[in-house]
Amino acid sequence: MIVALIDSGFGLLPTAAWLRKLRPDLDLLLQNDPDGAPWGPKPEQWVVDRVLDTARASLREGAEVIVLPCNTASVTALEHVRAMVGPDIPVIGTVPAIKPATAACRKVAVWATAATTASAYQADLIARFAGDADVTGVACHGLADAIDRGDLPAIAHAIADAAARTPADTEGIVLGCTHYPLVLDDILSALPHGVRVFDSAQAVAAQTLRRMDALGRPTTGTGTVRVIASGRPARLPTAAASFDSGRILGAVQAEPAV
């Protein structure tokens, strides 16, 4: 069984790596979109069309399960993809872990892209799930783009800037962009000791496996990882090897020039 993961950039890596750890034999199809990235600032209909086209391509490549490990894709296109593929193809989306974070912490910050931070979607999630918790949105300017480039100094600068704008008495941080778990250790290092960090990659991977197993079909594969970048067969970019998730999936760092 082939599981396709769809995102504009490296945001699919954490969920894909969890799938690899939990089910090493699973065949994965990583569909990213360097030509169209980033998706966050794009018009909603553009994103819907882009995700639908990629989902159709995934089905042509044999995918029987589709995962959208991307907040932008999930918010704008999840229901469209489900309607297109029908009930026999599970489609799993991503939701920031606001509910578990606010159940465990009284004061929470949601780190996300500027577009997500300003969105009605995030405001609605906070209104629905935060309860009595105090929740602050923190826009992490440039962090997702720096992660896609593998630009370590820019990553460090963006994290330090976000940490400086996070209220001092924050108890929990929700990673509201699927790119951010790739630099979890750097985020933890920038936060005061004891601050808890919540992300959804492991939960999305576990839900994917539950939905996949519920189909009752053979799932054992050969553990292949295929990459299609904006419709073209590709390899994981060398920048992916900067992150544990990328290395788990087989990304290789380029040899330095001699």
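**Exercise 1. Work out whether A234 is buried or exposed, or in between, and describe its surroundings.**

Step 1. With a relative accessibility of 33%, A234 falls in the partly exposed class. That class lies between buried, under 20% relative accessible area, and exposed, over 50%, using a 1.4 Å probe and protein chains only.

A quick note on the model before going on. The structure is predicted, with local features needing pLDDT of at least 70 and side-chain atom pairs counted only at pLDDT 80 or more, while totals for chains, interfaces and linings use all residues. Residues are numbered from 1 along each chain as its sequence is written, and side-chain values use heavy atoms, with hydrogens and water left out.

Step 2. Place A234 in the fold: strand β10, residues 232-234, contains it. Helices (H or I, at least four residues) and strands (E, at least two) are DSSP runs, numbered from the N terminus.

Step 3. List the contacts, meaning heavy atoms within 4.5 Å. Once residues up to four places away in sequence are set aside, A234 touches V227 and A229.

Step 4. Look along the chain too: Q31 is 203 residues away from A234 in sequence, yet their C-alpha atoms are 9.6 Å apart.

**Exercise 2. Find which residues N32 touches, and look at the backbone of one of them, S230.**

Step 1. N32 belongs to strand β2, residues 27-32, and its relative accessible area of 12% makes it buried.

Step 2. Beyond four places in sequence, its partners are D7, S8, G9, L12, V227, I228, A229 and S230.

Step 3. Now take S230, in the loop that links β9 (225-229) to β10. Its phi is positive, about 50 degrees, although S230 is not a glycine.

Step 4. Keep the usual case in mind: most residues other than glycine have a negative phi, and most peptide bonds are trans.

Step 5. For the peptide bond, turn to A37 and P38, which are joined in cis with omega at about -5 degrees. P38 sits in the loop between β2 and α2 (44-60).

**Exercise 3. Show which face of α10 is buried, and what covers it.**

Step 1. Check the length. The 13 residues of α10 reach 18 Å from first C-alpha to last, close to the expected 18 Å, where the expected span is 1.5 Å times one less than the number of residues.

Step 2. Pick out the buried residues: A201, V204, A205, T208, L209 and M212.

Step 3. Look down the axis of α10: these residues fall within an arc of 140 degrees, so they line one face of the helix. The arc is taken from the directions between the helix axis and the C-beta atoms.

Step 4. Turn to the other side of α10, where A203 and R210 are exposed.

Step 5. Find the cover: β1 (2-6), α1, β3 (63-67) and β4 (91-92) are among the elements over the buried residues.

Step 6. Zoom in on W18 in helix α1. Beyond four places in sequence, W18 is in contact with A201, Q202 and A205, and at 25% relative accessibility W18 is partly exposed.

**Exercise 4. Describe the largest pocket and the largest cavity, with their linings.**

Step 1. Settle the terms. On a 1 Å grid over the protein atoms alone, a cavity is a set of points where a 1.4 Å probe fits but cannot get out; a pocket is an open set with protein on both sides within 12 Å along at least five of seven lines; lining residues have an atom within 4 Å of a point. Points are joined across faces, edges and corners, and a volume is the space filled by probe spheres set on them.

Step 2. The largest pocket holds about 470 Å³. It is lined by 21 residues, with P181, L182, L184, D244 and S245 the closest to its centre.

Step 3. Ask which helix gives the most to this lining. The answer is α1, with four residues.

Step 4. Sort the lining by type: 13 nonpolar, three polar and five charged. Here Ala, Val, Leu, Ile, Met, Phe, Trp, Tyr, Cys and Pro are nonpolar, Asp, Glu, Lys and Arg charged, and the others, Gly among them, polar.

Step 5. Move to the one cavity of 30 Å³ or more. The largest cavity has a volume of about 60 Å³, and its lining includes G11, C177, P181, D199 and A201.
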